[in-house]
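Grab a pencil and open the viewer. Here are some exercises to work through, each with a solution you can follow on screen.

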Amino acid sequence: MAIQYINDANFEKKKVLARFDFNTPLTKENPRTISDSSRVDLALPTIRYILENGCEQLILMSHLGRPKGEVKKEYSLEPVAQYLAEKLNTEVVLAEAAVDAGVKPYLELKKAKIVLLENLRFHKGEESNDLVFAQKLSTYADIYVNDAFGAAHRKHASVHAIHKFFPKKAYAGFLMKKEIEALDKILNKPQKPFAAIVGGAKVSDKIKTIEKLLISVDHLLIGGAMAYPFLKSQSHQVGKSLCSNEDVELAKNLLKNDKGKKIVLPLDHVISESLDGKAQLSESIEIADGFMGLDIGPKSIEKYSQILQVSKTILWNGPMGLFEKEQFAEGTMKLAQVIANTTAFSLVGGGDSVSAVKKSGTAEKFSHVSTGGGASLEYIEKGQLPGVQALKFGVDL
Ligand code: AMP
């Protein structure tokens, strides 16, 4: 079954319950404010579309952080309500809770055209995919919209169980559509040559994605701390680089596999004696005792760039080094620039890689910057997500 998108819905005089991913970084000081508004900004086209198409009341919902089923003030959606009110230039009422007594009076307020429910994860029922919790949420509206791609890999009540109560009345928003279409381009017959860059810190977190990608890619470029278990498994010296024994075993198995030939590893490194130390160059693959690898070196950048420049599809997840520190950011920044200058279909996903790409000033030149790190990895690995399946087929609970 195909997903119904909001363009297919009739919102005229309807109450609409819409799930977004407002899980946005906040400042530490009081009162807390949003420090990076990207996720809320990306929700605005769907919100505006629903409002402009005659809906009677729009009820917004999201999670924020990990309050684990308890009310914790620091995870209140208050800063999001304020930001939305500014952006939409209208009142956004923040309900005290998502269900029960804390919500009813707010929904009944005469001027409450837009109501934001308080953090869904203040209630245990959200993460346990509880039907009763989902049923309570469903009573607020006639139509359900899901635009929270970042939460689509979770089997949580507001993205999964809730479908039980909106048969044929569940629609995907614009962001969800964009994300699915971009990832489908990677999954279904990507244009060749196809190169994937996988970096970051831990092999075990991304092993399944790497295995899946090895089937379809022509080259899999490894960078960041991810590279050292691979190099160690080939008996290279990695000094005191981040490298667990468990990851060395996983890397060894991947390289042994026939498809392991597609894996490309760094030829040189930017190293240091500590995470805060001075950057030095190790011109060979080996990293001397007492040093750790913290970025890929110039020969590696050159080799990776050559592969990327002739690729027609590029997928990137995970930085090439400790890019948060300037002295270890060059590999990540240079590759961002190389990709930005290709005509390839380029998709970057994962919180750290997305901030690296933004920092490099090249984000608009990527074909797609995915908002959901975990969701995009899981979609690549499994070809489906619980939240997306539910939009397609409903739920059987
Ligand atoms: P991940 O969440 O697995 O994508 O990992 C991203 C994090 O890995 C970022 O905070 C990077 O700074 C960090 N990282 C990347 N390369 C290295 C490295 N060589 N040594 C230590 N940390 C690294």
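The exercises below go through cysteines, the ligand site, the strands and a couple of single residues, all in a predicted model.

**Exercise 1. Work out how many disulfides the structure holds, and say whether cysteine 55 and cysteine 243 are buried or partly exposed.**

Step 1. Start with the chemistry: a disulfide is a covalent bond between the sulfur atoms of two cysteines.
Step 2. Now count them: the structure holds 0 disulfides.
Step 3. Check the cover on cysteine 55. Its relative accessible area is 2%, and the cut-off for buried is under 20%, so cysteine 55 is buried.
Step 4. Do the same for cysteine 243. Its value is 22%, so cysteine 243 counts as partly exposed.

**Exercise 2. Describe the surroundings of the ligand: which residues come nearest, and which polar atoms does the ligand meet?**

Step 1. List the neighbours. There are 15 residues around the ligand, and the nearest are Ala201, Lys206, Ala225, Gly293 and Glu324.
Step 2. Sort the shell by class: you get 7 nonpolar, 5 polar and 3 charged residues.
Step 3. Look for backbone partners. A polar backbone atom of alanine 201 sits 3.0 Å from an oxygen atom of the ligand, while a polar backbone atom of glycine 293 is 3.0 Å from a ligand nitrogen atom.
Step 4. Add the side-chain partner: an N or O atom in the side chain of glutamate 324 is 2.5 Å from an oxygen atom of the ligand.
Step 5. Finish with the cover. On its own the ligand has 500 Å² of accessible area, and the protein covers 81% of that.

**Exercise 3. Find the strand order of the open sheet of 6 strands, and explain why strand 3 and strand 6 each have one side without a neighbour.**

Step 1. Recall how sheets form: strands pair through backbone hydrogen bonds, either parallel or antiparallel.
Step 2. Read off the order, which is 3-4-2-1-5-6, with parallel pairing.
Step 3. Go to the edges. Strand 3 (93-94) and strand 6 (170-172) each have a single partner strand, so one side of each is left without a neighbour in the sheet.
Step 4. Zoom in on one pair: strand 1 (residues 15-19) and strand 5 (residues 143-146) run parallel and are joined by 4 bridges. Here leucine 17 stands opposite tyrosine 144.

**Exercise 4. Decide how many residues of strand 14 are buried, and which strand pairs with it.**

Step 1. Count the covered residues: in strand 14 (residues 345-349), 5 of 5 are buried.
Step 2. Think about faces. In a regular strand the side chains alternate between the two faces of the sheet.
Step 3. Split strand 14 that way: Phe345, Leu347 and Gly349 lie on one side, Ser346 and Val348 on the other, and both faces are covered.
Step 4. Find the partner. Strand 13 (residues 313-317) pairs with strand 14 in the parallel sense over 5 bridges, and asparagine 317 has glycine 349 as its bridge partner.

**Exercise 5. Compare serine 282 and proline 105: is each one buried or partly exposed?**

Step 1. Place serine 282: you'll find it in strand 11 (residues 280-282). Its relative accessibility is 8%, so serine 282 counts as buried.
Step 2. Trace what its side chain reaches: the backbone oxygen of serine 284 at 3.1 Å, and the backbone oxygen of glutamate 286 at 2.8 Å.
Step 3. Place proline 105, which belongs to helix 3 (residues 104-108). At 45% relative accessibility, proline 105 is partly exposed.

Technical notes
Residues are numbered from 1 along each chain as its sequence is written. This is a predicted model: local features need pLDDT of at least 70, side-chain atom pairs count only at pLDDT 80 or more; totals for chains, interfaces and linings use all residues. Side-chain values use heavy atoms; hydrogens and water are left out. A disulfide is a pair of cysteine sulfur atoms within 2.5 Å. Buried means under 20% relative accessible area, exposed over 50%, partly exposed in between (1.4 Å probe, protein chains only). A residue is near a molecule or strand if one of its heavy atoms lies within 4 Å of it. A polar contact is a pair of N or O atoms within 3.5 Å; within protein, one must be able to donate a hydrogen and the other to accept it, and residues adjacent in sequence count only if both atoms are side-chain atoms. Accessible areas come from the Shrake-Rupley method with a 1.4 Å probe; for residues, only the protein chains shown count as cover. Ala, Val, Leu, Ile, Met, Phe, Trp, Tyr, Cys and Pro count as nonpolar, Asp, Glu, Lys and Arg as charged, and the others, Gly among them, as polar. Helices (H or I, at least four residues) and strands (E, at least two) are DSSP runs, numbered from the N terminus. Two strands pair if DSSP finds at least two bridges between them.
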